[in-house]
Amino acid sequence: MIIIRGLPSSGKTIIAHGLERKLKNSKVVHLDDFIQKNIEKSSYENILLQLNKLYEKRKEIIVEGVIYDKELLNLLIKFSKKADAKSYWFKLERPFEILLKLESDRRDRKSTRLNSSHIPLSRM
């Protein structure tokens with residue numbers, strides 16, 4: 001199991017997908033898919049269910065996300081111990097100014113995408 005953690009725009013997803021392409025039989029678990037939709041602690045149970053499913057399928061698990069919550073951190077540690085899986089932890093860091101710039105660029109692209117996909121009724 002590979003765990004990649006870091007702040008937004010630090011490159012976690014890019015690295016996780018790069019590893020997924022290189023490692024046979026691997027799968028990326030994006031913690032944002034669980035936590036942003038469901039901030040409740042029950043989302044941790046869903047993460048654990050997903051990890052167990054992948055482990056049962058003998059998948060190489062790559063977990064990526066902003067892991068700031070001690071409970072979530074402990075859940076990942078307990079899972080890797082219980083599964084008797086080797087785990088490799090990576091924390092990505094970038095200078096703060098670059099993180100701010102990348103995050104701002106990402107929000108601008110998202111805003112542009114949303115605005116360009118909207119066609120006013122008056123144009124139809």
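R58 counts as exposed because its relative accessibility is 58%, over the 50% cut-off. That arginine is a handy way into this predicted model, since R58 also lies over the face of Y55, and Y55 belongs to an aromatic pair with F79. Here's a quick tour, starting with the ring neighbourhood and then stepping back to the whole chain.

**Around R58 and the aromatic pair**

- R58 sits in the loop between α3 and β3, the strand at 60-65.
- From there, R58 is placed over the ring face of Y55, 5.4 Å from the ring centre.
- As for aromatic pairs, the structure has just one.
- Y55 and F79 make up that pair, with 6.2 Å from centre to centre and 85 degrees between the planes.
- That angle makes the pair edge-to-face, because anything over 60 degrees goes into that class.
- The two partners come from distant parts of the chain: Y55 is in helix α3 (residues 42-56) and F79 is in helix α4 (residues 70-82), 24 residues apart.
- Burial splits the pair: F79 is buried, because its relative accessibility is only 4%, under the 20% cut-off.
- Y55, on the other hand, is partly exposed, because its value is 29%, which falls between the 20% and 50% limits.

**Backbone oddities**

- Most residues other than glycine have a negative phi.
- R58 goes the other way, with a positive phi of about 60 degrees, and it is not a glycine.
- N25 does this too: it is no glycine, yet its phi is positive at about 60 degrees.
- N25 is also a loop residue, found between α1 (12-22) and β2 (26-30).
- In terms of exposure, N25 counts as partly exposed because its relative accessibility is 39%.

**The chain as a whole**

- The chain has five helices and four strands.
- If you walk along the sequence, they come in the order β-α-β-α-α-β-α-β-α.
- Of the 124 residues in the chain, 31% are buried.
- F79 is one of the buried ones, at 4% relative accessibility.
- Take the contacts with a separation of 6 or more: 72% of them involve residues 24 or more positions apart.
- The chain's accessible surface is about 9200 Å², and carbon and sulfur atoms account for 55% of that.

How values were computed
Residues are numbered from 1 along each chain as its sequence is written. This is a predicted model: local features need pLDDT of at least 70, side-chain atom pairs count only at pLDDT 80 or more; totals for chains, interfaces and linings use all residues. Side-chain values use heavy atoms; hydrogens and water are left out. Rings of Phe, Tyr and Trp (its six-membered ring) pair if their centres lie within 6.5 Å; planes under 30 degrees apart count as stacked, over 60 as edge-to-face and the rest as tilted. Helices (H or I, at least four residues) and strands (E, at least two) are DSSP runs, numbered from the N terminus. Buried means under 20% relative accessible area, exposed over 50%, partly exposed in between (1.4 Å probe, protein chains only). A charge sits over a ring if NZ of Lys or CZ of Arg is within 6 Å of the ring centre and within 35 degrees of the ring normal. Contact means heavy atoms within 4.5 Å. Accessible areas come from the Shrake-Rupley method with a 1.4 Å probe; for residues, only the protein chains shown count as cover.
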